[in-house]
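User: Hi! I have a structure to go through with you, and I'd like to chat about its helices, sheets and contacts. Shall we take a look?

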Amino acid sequence: MNIVIVGDGKMGFALAQNLSKEGHDIMIVDSNPNALRNASNLLDVGCIPGNGISSEVLMEAGVNAADLLIAVTSKDEINIICCLIARKLGARHTIARVRDPQYAQNLSILREDLGLSMQVNPELEAATEISRIIRFPSAQKVEFFARGKVEVVEIRLSGDSPLKGQALRNFKAKGMKVLICAVQRGEEVVIPDGDFVLQAGDIISITASPKDITAFFKATGLMLQRKIRSVMIVGGGRTSYYLTRLLLDADIQVKIIEMNRDRCKELADAFPKAMIIYGDGSDRETLHEENIDDTDAFAALTGLDEENVVISMYALMRKVGKVITKVNHIGFSEVLEKTGIDCVITPHLISTHQIVRYVRAMQNSLGSHVESLTRMVNGQVEALEFRVRDTFRGLNIPLRDVHLKKNLLIASIIRNGRLIYPHGNDAIHAGDSVIVVTTIAGLEELNDILA
(Lines give C-alpha, C1' and ligand atoms only; values in the text may rest on other atoms or scores of the structure.)
Protein backbone atom coordinates (compact mmCIF):
# COMPACT_ATOMS: atom_id res chain seq x y z
CA MET A 1 0.00 0.00 0.00
CA ASN A 2 1.00 3.64 -0.46
CA ILE A 3 1.38 5.23 2.99
CA VAL A 4 2.30 8.81 3.85
CA ILE A 5 3.65 9.50 7.36
CA VAL A 6 3.66 13.10 8.56
CA GLY A 7 6.11 13.55 11.44
CA ASP A 8 9.52 11.91 11.72
CA GLY A 9 9.95 11.78 15.48
CA LYS A 10 10.34 8.55 17.47
CA MET A 11 6.88 7.28 16.51
CA GLY A 12 7.09 8.33 12.87
CA PHE A 13 10.45 6.62 12.47
CA ALA A 14 9.19 3.44 14.20
CA LEU A 15 6.14 3.36 11.92
CA ALA A 16 8.24 3.83 8.79
CA GLN A 17 10.61 1.09 9.94
CA ASN A 18 7.82 -1.42 10.68
CA LEU A 19 5.64 -0.69 7.65
CA SER A 20 8.51 -0.58 5.13
CA LYS A 21 9.64 -4.00 6.36
CA GLU A 22 6.19 -5.32 5.47
CA GLY A 23 6.58 -4.18 1.88
CA HIS A 24 4.57 -0.95 1.89
CA ASP A 25 5.66 2.12 -0.08
CA ILE A 26 6.41 4.77 2.55
CA MET A 27 6.77 8.53 2.10
CA ILE A 28 7.75 10.63 5.15
CA VAL A 29 6.97 14.35 5.46
CA ASP A 30 8.77 16.47 8.06
CA SER A 31 10.15 20.00 8.40
CA ASN A 32 13.37 18.77 10.04
CA PRO A 33 15.99 17.97 7.35
CA ASN A 34 18.26 16.15 9.81
CA ALA A 35 15.48 13.73 10.81
CA LEU A 36 14.66 13.07 7.15
CA ARG A 37 18.33 12.50 6.33
CA ASN A 38 18.55 9.93 9.11
CA ALA A 39 15.41 8.13 7.93
CA SER A 40 16.59 8.16 4.31
CA ASN A 41 19.97 6.68 5.26
CA LEU A 42 18.58 3.94 7.50
CA LEU A 43 15.28 2.98 5.85
CA ASP A 44 13.96 2.15 2.38
CA VAL A 45 11.58 5.13 2.29
CA GLY A 46 11.02 8.37 0.43
CA CYS A 47 11.31 11.74 2.19
CA ILE A 48 9.70 15.11 1.49
CA PRO A 49 10.79 18.21 3.47
CA GLY A 50 8.03 20.63 4.40
CA ASN A 51 4.99 21.41 6.52
CA GLY A 52 2.49 18.57 6.86
CA ILE A 53 -0.53 20.89 6.67
CA SER A 54 0.57 22.36 3.34
CA SER A 55 -1.57 20.97 0.52
CA GLU A 56 1.32 21.52 -1.92
CA VAL A 57 3.68 19.44 0.25
CA LEU A 58 1.08 16.71 0.73
CA MET A 59 0.43 16.54 -3.01
CA GLU A 60 4.18 16.26 -3.63
CA ALA A 61 4.17 13.31 -1.19
CA GLY A 62 1.43 11.66 -3.26
CA VAL A 63 -1.36 11.92 -0.73
CA ASN A 64 -3.97 12.09 -3.51
CA ALA A 65 -3.15 8.44 -4.36
CA ALA A 66 -2.35 7.29 -0.80
CA ASP A 67 -4.14 4.37 0.78
CA LEU A 68 -3.34 5.80 4.19
CA LEU A 69 -1.98 8.97 5.77
CA ILE A 70 -0.69 8.83 9.36
CA ALA A 71 -0.14 12.15 11.16
CA VAL A 72 2.11 11.79 14.21
CA THR A 73 3.68 15.20 14.74
CA SER A 74 4.12 16.52 18.27
CA LYS A 75 1.03 18.75 18.02
CA ASP A 76 -2.52 17.32 18.12
CA GLU A 77 -3.98 20.26 16.19
CA ILE A 78 -1.57 19.79 13.27
CA ASN A 79 -2.32 16.06 13.15
CA ILE A 80 -6.08 16.66 13.03
CA ILE A 81 -5.84 19.38 10.35
CA CYS A 82 -3.38 17.30 8.32
CA CYS A 83 -5.81 14.37 8.23
CA LEU A 84 -8.70 16.66 7.26
CA ILE A 85 -6.72 18.13 4.35
CA ALA A 86 -5.48 14.69 3.27
CA ARG A 87 -9.02 13.32 3.01
CA LYS A 88 -10.04 16.34 0.92
CA LEU A 89 -7.07 15.68 -1.37
CA GLY A 90 -7.98 12.02 -1.88
CA ALA A 91 -6.33 9.87 0.82
CA ARG A 92 -8.50 6.79 1.43
CA HIS A 93 -7.80 6.46 5.18
CA THR A 94 -6.27 8.75 7.80
CA ILE A 95 -4.92 8.20 11.32
CA ALA A 96 -4.12 10.99 13.77
CA ARG A 97 -2.14 10.87 16.99
CA VAL A 98 -4.17 12.80 19.57
CA ARG A 99 -2.74 12.91 23.09
CA ASP A 100 -4.45 15.74 24.98
CA PRO A 101 -7.18 14.30 27.26
CA GLN A 102 -9.70 17.00 26.30
CA TYR A 103 -9.18 16.45 22.58
CA ALA A 104 -9.11 12.66 22.95
CA GLN A 105 -12.36 12.64 24.89
CA ASN A 106 -14.31 14.79 22.44
CA LEU A 107 -12.74 13.84 19.12
CA SER A 108 -14.81 10.65 18.81
CA ILE A 109 -17.89 12.85 18.37
CA LEU A 110 -16.31 14.64 15.39
CA ARG A 111 -14.34 11.72 13.97
CA GLU A 112 -16.70 11.08 11.06
CA ASP A 113 -16.97 14.80 10.21
CA LEU A 114 -13.17 15.08 10.21
CA GLY A 115 -12.80 11.99 8.03
CA LEU A 116 -10.60 10.23 10.60
CA SER A 117 -10.35 6.47 10.20
CA MET A 118 -8.63 6.06 13.55
CA GLN A 119 -7.09 8.06 16.37
CA VAL A 120 -4.22 6.81 18.53
CA ASN A 121 -3.19 8.02 21.95
CA PRO A 122 0.18 6.60 23.05
CA GLU A 123 -0.21 7.71 26.67
CA LEU A 124 -3.70 6.22 26.98
CA GLU A 125 -2.54 2.95 25.41
CA ALA A 126 0.46 2.86 27.76
CA ALA A 127 -1.82 3.46 30.76
CA THR A 128 -4.14 0.68 29.60
CA GLU A 129 -1.23 -1.75 29.31
CA ILE A 130 0.04 -0.81 32.78
CA SER A 131 -3.42 -1.40 34.25
CA ARG A 132 -3.50 -4.86 32.62
CA ILE A 133 -0.09 -5.68 34.08
CA ILE A 134 -1.27 -4.63 37.53
CA ARG A 135 -4.04 -7.22 37.17
CA PHE A 136 -1.32 -9.89 36.69
CA PRO A 137 1.58 -8.53 38.79
CA SER A 138 3.89 -11.31 37.63
CA ALA A 139 3.39 -10.35 33.98
CA GLN A 140 5.53 -8.04 31.87
CA LYS A 141 2.90 -7.70 29.15
CA VAL A 142 -0.72 -8.74 28.55
CA GLU A 143 -2.40 -8.84 25.10
CA PHE A 144 -5.89 -9.86 23.95
CA PHE A 145 -7.19 -11.75 20.91
CA ALA A 146 -10.55 -12.91 19.58
CA ARG A 147 -12.42 -10.10 21.34
CA GLY A 148 -11.00 -10.98 24.73
CA LYS A 149 -11.50 -14.77 24.49
CA VAL A 150 -7.72 -15.36 24.36
CA GLU A 151 -4.93 -13.68 26.33
CA VAL A 152 -1.19 -13.72 25.72
CA VAL A 153 0.75 -13.04 28.93
CA GLU A 154 4.51 -12.49 28.99
CA ILE A 155 6.46 -13.28 32.19
CA ARG A 156 10.08 -13.75 33.26
CA LEU A 157 10.95 -16.87 35.29
CA SER A 158 12.77 -16.07 38.52
CA GLY A 159 15.46 -18.24 40.10
CA ASP A 160 12.93 -19.79 42.49
CA SER A 161 10.12 -20.17 39.95
CA PRO A 162 8.20 -23.48 40.21
CA LEU A 163 8.34 -23.69 36.40
CA LYS A 164 12.15 -23.86 36.34
CA GLY A 165 13.34 -27.25 35.05
CA GLN A 166 9.88 -28.23 33.78
CA ALA A 167 9.41 -29.73 30.32
CA LEU A 168 6.46 -28.14 28.53
CA ARG A 169 4.69 -31.46 27.99
CA ASN A 170 4.32 -31.72 31.77
CA PHE A 171 1.74 -28.93 31.74
CA LYS A 172 -0.56 -30.94 29.47
CA ALA A 173 -0.01 -34.04 31.59
CA LYS A 174 -1.16 -32.08 34.66
CA GLY A 175 -4.28 -30.87 32.84
CA MET A 176 -3.23 -27.20 32.69
CA LYS A 177 -5.08 -25.55 29.83
CA VAL A 178 -2.36 -23.16 28.69
CA LEU A 179 0.19 -23.13 25.89
CA ILE A 180 3.69 -21.67 26.19
CA CYS A 181 4.06 -20.38 22.66
CA ALA A 182 7.37 -18.47 22.73
CA VAL A 183 10.48 -18.36 24.91
CA GLN A 184 13.27 -15.79 24.92
CA ARG A 185 16.51 -17.08 26.40
CA GLY A 186 19.22 -14.45 26.31
CA GLU A 187 19.19 -13.06 22.78
CA GLU A 188 17.65 -16.23 21.28
CA VAL A 189 13.90 -16.58 20.69
CA VAL A 190 12.42 -20.09 20.41
CA ILE A 191 9.02 -21.43 19.39
CA PRO A 192 9.21 -24.43 21.73
CA ASP A 193 8.00 -28.02 21.42
CA GLY A 194 6.89 -30.35 24.23
CA ASP A 195 10.46 -31.42 25.07
CA PHE A 196 11.62 -27.87 25.74
CA VAL A 197 12.79 -27.40 29.36
CA LEU A 198 12.33 -24.01 31.01
CA GLN A 199 15.19 -22.27 32.82
CA ALA A 200 15.46 -19.39 35.26
CA GLY A 201 15.68 -16.08 33.39
CA ASP A 202 13.54 -17.27 30.45
CA ILE A 203 10.90 -14.82 29.24
CA ILE A 204 7.89 -16.95 28.33
CA SER A 205 4.69 -16.06 26.47
CA ILE A 206 1.63 -17.96 27.65
CA THR A 207 -1.63 -18.12 25.72
CA ALA A 208 -5.02 -19.27 27.06
CA SER A 209 -8.46 -17.96 27.99
CA PRO A 210 -8.50 -15.34 30.79
CA LYS A 211 -10.06 -17.93 33.13
CA ASP A 212 -7.42 -20.58 32.38
CA ILE A 213 -4.57 -18.04 32.63
CA THR A 214 -5.78 -17.07 36.11
CA ALA A 215 -6.07 -20.75 37.13
CA PHE A 216 -2.55 -21.43 35.81
CA PHE A 217 -1.08 -18.50 37.75
CA LYS A 218 -2.74 -19.69 40.94
CA ALA A 219 -1.78 -23.35 40.47
CA THR A 220 1.88 -22.56 39.81
CA GLY A 221 2.25 -19.90 42.49
CA LEU A 222 2.97 -17.18 39.93
CA MET A 223 0.07 -15.09 41.20
CA LEU A 224 1.06 -12.81 44.04
CA GLN A 225 -0.79 -13.78 47.21
CA ARG A 226 -2.00 -10.24 47.80
CA LYS A 227 -3.93 -8.32 45.17
CA ILE A 228 -2.51 -4.91 44.28
CA ARG A 229 -4.51 -2.31 46.19
CA SER A 230 -2.19 0.71 46.09
CA VAL A 231 0.04 2.24 43.41
CA MET A 232 2.62 5.02 43.79
CA ILE A 233 3.27 7.02 40.59
CA VAL A 234 6.21 9.38 40.09
CA GLY A 235 5.44 11.97 37.42
CA GLY A 236 2.09 13.58 36.72
CA GLY A 237 2.04 13.67 32.91
CA ARG A 238 -0.55 12.37 30.48
CA THR A 239 0.22 8.69 31.06
CA SER A 240 -0.24 9.20 34.79
CA TYR A 241 -3.51 11.04 34.17
CA TYR A 242 -5.00 8.18 32.14
CA LEU A 243 -3.58 5.52 34.48
CA THR A 244 -5.03 7.21 37.55
CA ARG A 245 -8.47 7.23 35.99
CA LEU A 246 -8.24 3.50 35.19
CA LEU A 247 -6.90 2.56 38.62
CA LEU A 248 -9.50 4.58 40.55
CA ASP A 249 -12.24 2.91 38.47
CA ALA A 250 -10.79 -0.42 39.66
CA ASP A 251 -10.89 0.72 43.34
CA ILE A 252 -7.09 0.91 43.59
CA GLN A 253 -5.57 3.64 45.75
CA VAL A 254 -3.36 6.07 43.83
CA LYS A 255 -0.62 8.41 45.05
CA ILE A 256 1.08 10.71 42.52
CA ILE A 257 4.32 12.61 43.24
CA GLU A 258 4.75 15.56 40.90
CA MET A 259 7.29 18.44 40.90
CA ASN A 260 5.12 21.04 39.14
CA ARG A 261 2.77 22.83 41.53
CA ASP A 262 0.28 23.89 38.83
CA ARG A 263 0.12 20.32 37.50
CA CYS A 264 -0.53 19.07 41.04
CA LYS A 265 -3.50 21.44 41.24
CA GLU A 266 -4.86 20.16 37.90
CA LEU A 267 -4.54 16.53 39.00
CA ALA A 268 -6.11 17.23 42.39
CA ASP A 269 -9.09 18.89 40.68
CA ALA A 270 -9.45 16.01 38.20
CA PHE A 271 -9.04 13.21 40.78
CA PRO A 272 -10.28 14.17 44.25
CA LYS A 273 -10.02 10.52 45.39
CA ALA A 274 -6.30 10.32 44.55
CA MET A 275 -3.51 11.62 46.78
CA ILE A 276 -1.44 14.24 44.94
CA ILE A 277 1.96 15.07 46.47
CA TYR A 278 3.94 18.16 45.46
CA GLY A 279 7.55 16.99 45.61
CA ASP A 280 10.54 15.44 43.86
CA GLY A 281 9.90 11.74 43.23
CA SER A 282 13.58 11.19 42.41
CA ASP A 283 14.51 12.20 45.96
CA ARG A 284 14.97 9.23 48.30
CA GLU A 285 13.73 11.12 51.36
CA THR A 286 10.53 12.08 49.58
CA LEU A 287 9.90 8.45 48.61
CA HIS A 288 10.38 7.33 52.21
CA GLU A 289 8.16 10.09 53.57
CA GLU A 290 5.44 8.87 51.22
CA ASN A 291 5.93 5.24 52.38
CA ILE A 292 7.36 3.61 49.28
CA ASP A 293 7.92 0.44 51.34
CA ASP A 294 4.16 0.09 51.93
CA THR A 295 2.97 0.46 48.34
CA ASP A 296 1.96 -2.64 46.34
CA ALA A 297 3.14 -1.28 42.97
CA PHE A 298 5.35 1.55 41.74
CA ALA A 299 5.29 3.28 38.33
CA ALA A 300 8.08 5.64 37.19
CA LEU A 301 6.38 7.83 34.56
CA THR A 302 8.40 11.05 34.39
CA GLY A 303 9.49 12.53 31.08
CA LEU A 304 13.14 11.54 31.65
CA ASP A 305 14.25 7.99 30.89
CA GLU A 306 17.32 8.23 33.12
CA GLU A 307 15.24 9.38 36.09
CA ASN A 308 12.69 6.62 35.57
CA VAL A 309 15.42 3.98 35.46
CA VAL A 310 17.18 5.20 38.62
CA ILE A 311 14.05 5.50 40.76
CA SER A 312 12.80 2.13 39.48
CA MET A 313 16.08 0.53 40.55
CA TYR A 314 15.59 2.07 43.99
CA ALA A 315 12.00 0.77 44.18
CA LEU A 316 13.28 -2.71 43.30
CA MET A 317 15.91 -2.39 46.01
CA ARG A 318 13.12 -1.54 48.48
CA LYS A 319 11.36 -4.80 47.46
CA VAL A 320 8.24 -3.16 46.03
CA GLY A 321 6.03 -5.97 44.67
CA LYS A 322 5.66 -4.61 41.11
CA VAL A 323 7.77 -1.93 39.43
CA ILE A 324 6.85 -0.46 36.03
CA THR A 325 9.20 1.85 34.11
CA LYS A 326 8.39 4.17 31.22
CA VAL A 327 11.24 4.40 28.70
CA ASN A 328 10.96 6.36 25.46
CA HIS A 329 14.34 5.34 23.98
CA ILE A 330 14.54 1.59 23.44
CA GLY A 331 18.14 1.03 22.32
CA PHE A 332 19.31 -0.29 25.69
CA SER A 333 16.63 -2.85 26.61
CA GLU A 334 19.22 -5.59 27.25
CA VAL A 335 21.04 -3.26 29.68
CA LEU A 336 17.80 -2.59 31.55
CA GLU A 337 17.15 -6.32 31.90
CA LYS A 338 20.51 -6.76 33.66
CA THR A 339 19.50 -4.13 36.23
CA GLY A 340 16.41 -6.16 37.14
CA ILE A 341 14.04 -3.77 35.36
CA ASP A 342 11.94 -6.06 33.18
CA CYS A 343 8.55 -4.33 33.00
CA VAL A 344 9.26 -1.52 30.56
CA ILE A 345 6.57 0.54 28.84
CA THR A 346 7.31 2.51 25.67
CA PRO A 347 4.18 4.50 24.70
CA HIS A 348 5.03 5.28 21.08
CA LEU A 349 5.84 1.62 20.35
CA ILE A 350 2.49 0.49 21.75
CA SER A 351 0.67 2.85 19.39
CA THR A 352 2.98 1.88 16.53
CA HIS A 353 1.94 -1.75 16.92
CA GLN A 354 -1.68 -0.66 17.12
CA ILE A 355 -1.36 1.12 13.75
CA VAL A 356 0.43 -1.88 12.21
CA ARG A 357 -2.56 -3.99 13.29
CA TYR A 358 -4.88 -1.51 11.59
CA VAL A 359 -2.84 -1.66 8.39
CA ARG A 360 -3.08 -5.46 8.47
CA ALA A 361 -6.86 -5.10 8.84
CA MET A 362 -6.89 -2.81 5.78
CA GLN A 363 -5.00 -5.47 3.87
CA ASN A 364 -7.63 -7.95 5.04
CA SER A 365 -10.25 -5.96 3.15
CA LEU A 366 -7.96 -6.03 0.12
CA GLY A 367 -7.36 -9.80 0.19
CA SER A 368 -5.21 -10.48 3.25
CA HIS A 369 -6.79 -12.75 5.88
CA VAL A 370 -5.14 -11.33 9.02
CA GLU A 371 -7.80 -10.25 11.52
CA SER A 372 -5.41 -8.89 14.16
CA LEU A 373 -1.72 -8.86 15.01
CA THR A 374 0.47 -8.16 17.98
CA ARG A 375 4.22 -8.31 18.53
CA MET A 376 5.81 -9.92 21.56
CA VAL A 377 9.29 -10.50 22.99
CA ASN A 378 10.64 -7.06 22.01
CA GLY A 379 9.04 -7.33 18.58
CA GLN A 380 10.82 -10.58 17.66
CA VAL A 381 7.65 -12.72 17.67
CA GLU A 382 4.31 -12.10 15.95
CA ALA A 383 0.98 -13.48 17.11
CA LEU A 384 -1.60 -13.31 14.32
CA GLU A 385 -5.31 -14.07 14.25
CA PHE A 386 -6.61 -15.49 10.95
CA ARG A 387 -10.19 -16.06 9.86
CA VAL A 388 -10.19 -19.45 8.12
CA ARG A 389 -11.62 -19.48 4.61
CA ASP A 390 -12.36 -22.42 2.35
CA THR A 391 -9.22 -21.66 0.33
CA PHE A 392 -6.96 -22.93 3.17
CA ARG A 393 -5.10 -26.01 1.86
CA GLY A 394 -4.96 -27.64 5.31
CA LEU A 395 -8.74 -27.60 5.77
CA ASN A 396 -10.26 -30.54 7.72
CA ILE A 397 -6.91 -32.37 7.92
CA PRO A 398 -5.67 -33.55 11.37
CA LEU A 399 -2.93 -31.18 12.46
CA ARG A 400 -0.45 -34.04 12.88
CA ASP A 401 -0.65 -34.48 9.08
CA VAL A 402 -0.33 -30.77 8.25
CA HIS A 403 3.24 -29.73 7.43
CA LEU A 404 3.95 -26.34 8.98
CA LYS A 405 6.92 -24.05 8.50
CA LYS A 406 9.59 -24.09 11.18
CA ASN A 407 9.48 -21.50 13.98
CA LEU A 408 5.70 -21.46 13.87
CA LEU A 409 3.00 -22.71 16.23
CA ILE A 410 -0.80 -22.91 16.07
CA ALA A 411 -1.61 -21.58 19.53
CA SER A 412 -5.39 -21.86 19.56
CA ILE A 413 -8.53 -22.35 17.49
CA ILE A 414 -11.75 -20.46 18.21
CA ARG A 415 -14.85 -22.23 16.90
CA ASN A 416 -18.37 -20.88 17.50
CA GLY A 417 -17.08 -18.87 20.44
CA ARG A 418 -15.36 -21.91 22.01
CA LEU A 419 -11.61 -21.96 22.63
CA ILE A 420 -9.79 -25.13 21.51
CA TYR A 421 -6.23 -25.94 22.55
CA PRO A 422 -5.13 -27.83 19.42
CA HIS A 423 -3.72 -31.36 19.53
CA GLY A 424 -2.63 -33.63 16.70
CA ASN A 425 -6.14 -35.01 16.18
CA ASP A 426 -7.75 -31.58 15.85
CA ALA A 427 -8.41 -30.06 12.44
CA ILE A 428 -9.00 -26.54 11.21
CA HIS A 429 -12.45 -25.89 9.71
CA ALA A 430 -13.76 -23.09 7.51
CA GLY A 431 -15.14 -20.28 9.66
CA ASP A 432 -12.72 -20.90 12.55
CA SER A 433 -10.43 -18.24 13.91
CA VAL A 434 -6.84 -19.45 14.32
CA ILE A 435 -4.08 -17.79 16.35
CA VAL A 436 -0.59 -18.42 14.99
CA VAL A 437 2.62 -17.52 16.85
CA THR A 438 5.78 -17.23 14.80
CA THR A 439 9.16 -15.57 14.38
CA ILE A 440 8.45 -15.31 10.62
CA ALA A 441 7.46 -11.75 9.68
CA GLY A 442 4.94 -10.76 7.03
CA LEU A 443 2.47 -13.68 6.94
CA GLU A 444 -0.58 -12.45 5.03
CA GLU A 445 -2.83 -15.49 4.81
CA LEU A 446 -3.21 -18.85 6.50
CA ASN A 447 -1.70 -20.77 3.59
CA ASP A 448 1.58 -18.94 4.35
CA ILE A 449 2.02 -21.14 7.45
CA LEU A 450 2.32 -24.30 5.31
CA ALA A 451 5.76 -25.71 4.49
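**Helix H8 and beyond**

Analyst: Happy to! On the side of H8 that faces away from its buried residues sit Lys211, Lys218 and Ala219, which are exposed. Bear in mind that this is a predicted model.

User: Which residues of helix H8 are buried, then?

Analyst: Helix H8 covers residues 210-220, and its buried residues are Asp212, Ile213, Phe216, Phe217 and Thr220. Looking down the axis of H8, these fall within an arc of 140°, so the buried residues line one face of the helix.

User: And what does Gly221 do just after H8?

Analyst: Gly221 has a positive phi there, of about 75°.

User: Switching topic: how many salt bridges does a search of the whole structure find?

Analyst: The search turns up nine salt bridges. One of interest pairs Asp67 with Arg92, with the closest N and O atoms 3.3 Å apart. Asp67 sits in the loop between helix H3 (55-60) and strand S4 (68-71), and Arg92 in the loop between helix H4 (76-89) and strand S5 (93-97), so this pair ties together parts that are 25 residues apart in sequence.

User: Asp67 first: buried or exposed?

Analyst: Asp67 counts as buried, because its relative accessibility is 15% and the cut-off for buried is under 20%. Arg92 is partly exposed, at a relative accessible area of 40%.

User: What about Glu290 and Lys255?

Analyst: Their side chains form a salt bridge too, at 3.4 Å from N to O. Glu290 is in the loop between helix H11 (284-289) and strand S15 (297-300), while Lys255 belongs to strand S13 (residues 253-258), and the two are 35 residues apart. Both Glu290 and Lys255 are buried.

User: And where do Lys265 and Asp269 lie?

Analyst: Both are in helix H10 (residues 261-270), four residues apart, or about one turn of the helix. Their side chains meet in a salt bridge of 3.0 Å, N to O, and both Lys265 and Asp269 are exposed.

User: On to sheets. In what order do the six strands of the open sheet come?

Analyst: The order is S14-S13-S12-S15-S16-S17, with parallel pairing. At the edges are strand S14 (275-278) and strand S17 (344-345), each pairing on one side only. Further in, S15 pairs with strand S16 (residues 322-326) over four bridges in the parallel sense, and Ala297 stands opposite Lys322 of S16.

User: Which strands does helix H12 lie across?

Analyst: Helix H12 (residues 305-317) lies across strand S12 (230-234), S15 and S16, and runs at about 170° to S16.

User: Now the packing. Which residues touch the most other members of the largest nonpolar core?

Analyst: Those are Ile3, Ile70 and Ile449, in a core of 45 residues. Leaving out residues up to four places away in sequence, Ile70 touches Ile3, Val4, Ile5, Val6, Leu15, Leu19, Ile95 and Ile355. Apart from that core lies another of 40 residues, including Leu168, Leu179, Phe196 and Ile435.

User: Ile435 is in S22, right? Tell me which residues of S22 are buried on each side.

Analyst: Yes, it is: Ser433, Ile435 and Val437 are buried on one side of S22, and Val434, Val436 and Thr438 on the other. Strand S22 spans residues 433-438, and six of its six residues are buried.

User: What does S22 pair with?

Analyst: Strand S19 (residues 381-387) pairs with S22 in the antiparallel sense over six bridges, with Ala383 partnering Val437. Strand S20 (residues 408-415) also pairs with S22 in the antiparallel sense over six bridges, and there Ile410 has Val436 as its bridge partner.

Key
Residues are numbered from 1 along each chain as its sequence is written. This is a predicted model: local features need pLDDT of at least 70, side-chain atom pairs count only at pLDDT 80 or more; totals for chains, interfaces and linings use all residues. Side-chain values use heavy atoms; hydrogens and water are left out. Buried means under 20% relative accessible area, exposed over 50%, partly exposed in between (1.4 Å probe, protein chains only). The arc is that of the directions from the helix axis to the C-beta atoms. A salt bridge is a side-chain nitrogen of Lys or Arg within 4 Å of a carboxyl oxygen of Asp or Glu. Two strands pair if DSSP finds at least two bridges between them. Contact means heavy atoms within 4.5 Å. Axes are lines fitted to C-alpha atoms, for helices over the stretch in contact, and angles run from 0 to 180 degrees between N-to-C directions. A nonpolar core is a set of buried Ala, Val, Leu, Ile, Met, Phe, Trp, Tyr and Cys residues joined through side-chain atoms within 4.5 Å.
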